[in-house]
Amino acid sequence: MKSYIVAISGASGSVYGIRLVEELIKSKIPVHLCISHTAFSIIETETGLDLSGKTEAETEKKIQKYFASKNIRYYSEQDLAAPVSSGSFITGGMFIVPCSMKTLSGIAGGYANNLIERAADVVIKEGRKLILAPREMPFSSIHLENMLKLSRAGVTIAPPVPAFYQKPKDLNDIVDFVVGKLLDSAGITHSLFKRWGGNHKKSSK
Ligand SMILES: Cc1cc2nc3c(=O)[nH]c(=O)nc-3n(C[C@H](O)[C@H](O)[C@H](O)COP(=O)(O)O)c2cc1C
């Protein structure tokens, strides 16, 4: 089973990243997780979860406890010597969920200034799957140009935009739909939502 890198950067919608990790772990897919400094505080603000510890090892323990799995490794964004920093370390690819405009621009510029940007740079150069869920509203032309540049480099740009033909009952359904679409982009099977079967009610007019 190939492992995946998951990065949670400092944009709103951290719950999508958390839900994605839960689903990968449930599918027995090993996860290499990197959470940016800002993302830790956004996770706490948006979900009430405090995943940060005093050291990288303590944070990893907290994360493994929360996800009830040892199949997840955590690396600090400063840890540029982490395995996922090298192309020789093979993974199935990488998700950045949610992806801030700052991280998007760092990847589009090839800046590789932290582990998230470096791992993404490696995934692109090695021709592996990189899936970004950029979150901002509205997008400026700078954001859109960065997305177009990355799309042309083979990156999947999958903003967390829910659909409503599923008739979501609650927030969980909306989150599951978005996470399911992200997993679809990587070709990972899931049963997070019911697929469209075309059996909609036709308008009488
Ligand atoms: C509560 C909160 C919500 C934020 N939401 C977004 C967002 O949705 N999109 C975005 O691009 N930046 C957002 N930001 C700003 C980023 O966190 C900021 O640009 C940061 O430098 C991103 O760094 P990172 O990508 O390394 O995590 C938010 C910041 C805070 C504190």
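**Entry 1: a strand pairing as the way in**

I began at Ile5 and looked up its bridge partner in β2, which is His32. Strands β1 and β2 pair in the parallel sense, and I find five bridges between them. I note here that the model is a predicted one, and I read everything below with that in mind. On the β4 side I looked up Ile5 again, and there its bridge partner is Met94. That bridge belongs to the pairing of β1, residues 4–8, with β4, residues 93–99, which is parallel as well and runs over four bridges.

**Entry 2: the sheet as a whole**

I then followed the pairings outward and wrote down the order of the open sheet, which has six strands running β3-β2-β1-β4-β5-β6 with parallel pairing. At the edges stand β3 (72–75) and β6 (156–157), and because each has a single partner strand, one side of each is left without a neighbour in the sheet. As a reminder to myself, strands of a sheet pair through backbone hydrogen bonds, in either the parallel or the antiparallel sense. For the pairing of β4 with β5, residues 129–134, I count five bridges, again parallel, and in this pairing I find Gly93 opposite Lys129 of β5.

**Entry 3: are the strands β4 and β2 buried or exposed?**

I checked β4 residue by residue and found seven of its seven residues buried. In a regular strand the side chains alternate between the two faces of the sheet, so I sorted the residues by side. Gly93, Phe95, Val97 and Cys99 lie on one side of β4, Met94, Ile96 and Pro98 lie on the other, and all of them are buried, which leaves both faces covered. For β2, residues 31–35, the result is five buried residues of five, with Val31, Leu33 and Ile35 on one side and His32 and Cys34 on the other, so that here too both faces are covered.

**Entry 4: the nonpolar core**

The largest nonpolar core holds 54 residues, and I looked up which of them touch the most other members: Val6, Met94, Ile96, Val97 and Ala119. I followed Ala119 further, leaving aside residues up to four places away in sequence, and its contacts are Ile5, Ala7, Cys34, Val84, Ser85 and Met94. Two names in that list, Ile5 and Met94, I had already met as bridge partners between β1 and β4.

**Entry 5: the shell around the ligand**

Which residues are the closest to the ligand? I find Gly10, Ala11, Ser36, Ser100 and Met101 in that position, out of 15 residues that surround the ligand. The elements that give two or more residues to this shell are α2 (37–47) and α4 (101–108), and it is α2 that gives the most, with four. Sorted by class, the shell has eight polar, four nonpolar and three charged residues.

**Entry 6: the chain overall**

I finished with the whole chain, which has seven helices and six strands. Read from the N terminus, the elements run β-α-β-α-α-β-β-α-α-β-α-β-α. The radius of gyration is 17 Å, close to the 17 Å that the globule rule gives for 205 residues, so I record the chain as being as compact as a globular protein of that length. Its C-alpha trace spans about 60 × 40 × 35 Å along the principal axes, and 39% of the 205 residues count as buried. Taking the contacts between residues at least 6 apart in sequence, I note that 71% join residues at least 24 apart.

Technical notes. Residues are numbered from 1 along each chain as its sequence is written. This is a predicted model: local features need pLDDT of at least 70, side-chain atom pairs count only at pLDDT 80 or more; totals for chains, interfaces and linings use all residues. A residue is near a molecule or strand if its C-beta atom, placed from the backbone, lies within 6 Å of it. Ala, Val, Leu, Ile, Met, Phe, Trp, Tyr, Cys and Pro count as nonpolar, Asp, Glu, Lys and Arg as charged, and the others, Gly among them, as polar. A nonpolar core is a set of buried Ala, Val, Leu, Ile, Met, Phe, Trp, Tyr and Cys residues joined through C-beta atoms within 7 Å. A residue is buried if 20 or more other C-beta atoms lie within 10 Å of its own, exposed if 12 or fewer, and partly exposed in between; C-beta atoms are placed from the backbone. Two residues are in contact if their C-beta atoms, placed from the backbone, lie within 7 Å. The radius of gyration is taken over C-alpha atoms; the globule rule is 2.2 Å times the number of residues to the power 0.38. Two strands pair if DSSP finds at least two bridges between them.
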